[in-house]
Amino acid sequence: MALMFFILWIILNGRITLEIVLFGIAIAAIFELFAIKVLGRRAESDIRIMRNLPLIIEYILVLIVEIVKASAAVVSVIFSGKKKPEPCIIEFRSGFPDDFRNVLLANSITLTPGTYTLFLEGDRFVIHCLRKEYAEGMDDSSFVRLLRKMR
């Protein structure tokens, strides 16, 4: 996290000089100590993020691709005279014990056009889909498979 604070400091300054680098190191260290002492942040969080960084990047790329694909599908429903919305509500369990992955999955589903997370309690999801085929395989989607790999 201190590295992220330092990078943000450099970006906001717009240039790199010895003075800016030294102040950046000091300010990043102060913010890091503040986050640990006052906000209760733990170093294990940084280790977990760094360990899962390749999966996080892959997840973001898959999310972008799924948003584009779902957008095209929804546009075809809107402009096609043949396809009609067939709304349905499905329920499934993700099996994730932690809130982080469940909330990330719920937000990813909502960000994808044609689907909306209506309800999330623990690992129980209630999803509204614009068409029945959007609901197929939701419990074993690419999002769920990637989140299962995260530790």
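Start by selecting Leu 61, which you will find in helix α4. Keep in mind as you go that this is a predicted model.

**Stop 1: the patch around Leu 61**

Now widen the selection to Ile 49, Met 50, Leu 53, Ile 57, Ile 60, Leu 61, Ile 64 and Val 68: these residues make up a nonpolar patch on the surface, with about 750 Å² of accessible area together. Two elements, α3 (43-51) and α4 (53-79), each give two or more residues to the patch. The biggest giver is α4, with six residues.

**Stop 2: further along α4**

Stay on the helix and pick Glu 66 and Lys 69. Their side chains meet in a salt bridge, 3.2 Å from N to O. Both residues belong to α4 and sit three residues apart, about one turn of the helix. Glu 66 itself is partly exposed, at a relative accessible area of 21%.

Next, select Ala 70, also in α4. Is Ala 70 buried or exposed? With 13% relative accessibility, Ala 70 counts as buried, since the cut-off for buried is under 20%. Leaving aside residues up to four places away in sequence, Ala 70 touches Thr 112 and Pro 113. If you like a distance check, measure from Ala 70 to Gly 122: the two are 52 residues apart along the chain, and their C-alpha atoms are separated by 26 Å.

**Stop 3: helix α5**

Move to Leu 111, in helix α5 (residues 99-111). Which residues does Leu 111 touch, not counting those up to four places away in sequence? They are Leu 63 and Ile 67. For another distance, draw a line from Leu 111 to Ile 7: C-alpha to C-alpha the pair is 28 Å apart, with their positions 104 residues apart in sequence.

While you are here, show Arg 101 and Asp 98 as sticks. Their side chains meet in a salt bridge of 2.8 Å, N to O, and both residues are buried. Add Arg 48 to the view, and you have a salt-bridge network linking Arg 48, Asp 98 and Arg 101.

**Stop 4: the sheet**

Turn to the strands and colour them separately. They form an open sheet of three strands in the order β1-β3-β2, with antiparallel pairing. Because β1 (88-93) and β2 (115-121) stand at the edges with a single partner strand each, one side of each has no neighbour in the sheet. On average, neighbouring strands are turned by 20° against each other, direction ignored.

How many bridges join β2 to β3 (residues 124-129)? There are six, and the two strands run antiparallel. Glu 121 has Arg 124 as its bridge partner in β3. Between β1 and β3 there are also six bridges, again in the antiparallel sense, and here Ile 89 stands opposite His 128.

Bring α5 back into view: this helix lies across β1, β2 and β3 and runs at about 155° to β2. Then look at the two faces of β1. Cys 88, Ile 90 and Phe 92 are on the covered face, while Ile 89, Glu 91 and Arg 93 are on the uncovered one.

**Stop 5: a link between strands**

Finish with Glu 91 and Arg 124, which form a salt bridge whose closest N and O atoms are 2.7 Å apart. Glu 91 lies in β1 and Arg 124 in β3, so this pair ties together parts that are 33 residues apart in sequence. Glu 91 is exposed, at 52% relative accessible area, whereas Arg 124 is partly exposed, at 21%. To continue on your own, look for the other salt bridges: the whole structure holds eight.

Terms used
Residues are numbered from 1 along each chain as its sequence is written. This is a predicted model: local features need pLDDT of at least 70, side-chain atom pairs count only at pLDDT 80 or more; totals for chains, interfaces and linings use all residues. Side-chain values use heavy atoms; hydrogens and water are left out. Patches are made of residues with over 30% relative accessible area and no salt bridge: like charges are joined within 9 Å, nonpolar side chains (Val, Leu, Ile, Met, Phe, Trp, Tyr) within 5 Å. Accessible areas come from the Shrake-Rupley method with a 1.4 Å probe; for residues, only the protein chains shown count as cover. A salt bridge is a side-chain nitrogen of Lys or Arg within 4 Å of a carboxyl oxygen of Asp or Glu. Helices (H or I, at least four residues) and strands (E, at least two) are DSSP runs, numbered from the N terminus. Buried means under 20% relative accessible area, exposed over 50%, partly exposed in between (1.4 Å probe, protein chains only). Contact means heavy atoms within 4.5 Å. Two strands pair if DSSP finds at least two bridges between them. Axes are lines fitted to C-alpha atoms, for helices over the stretch in contact, and angles run from 0 to 180 degrees between N-to-C directions.
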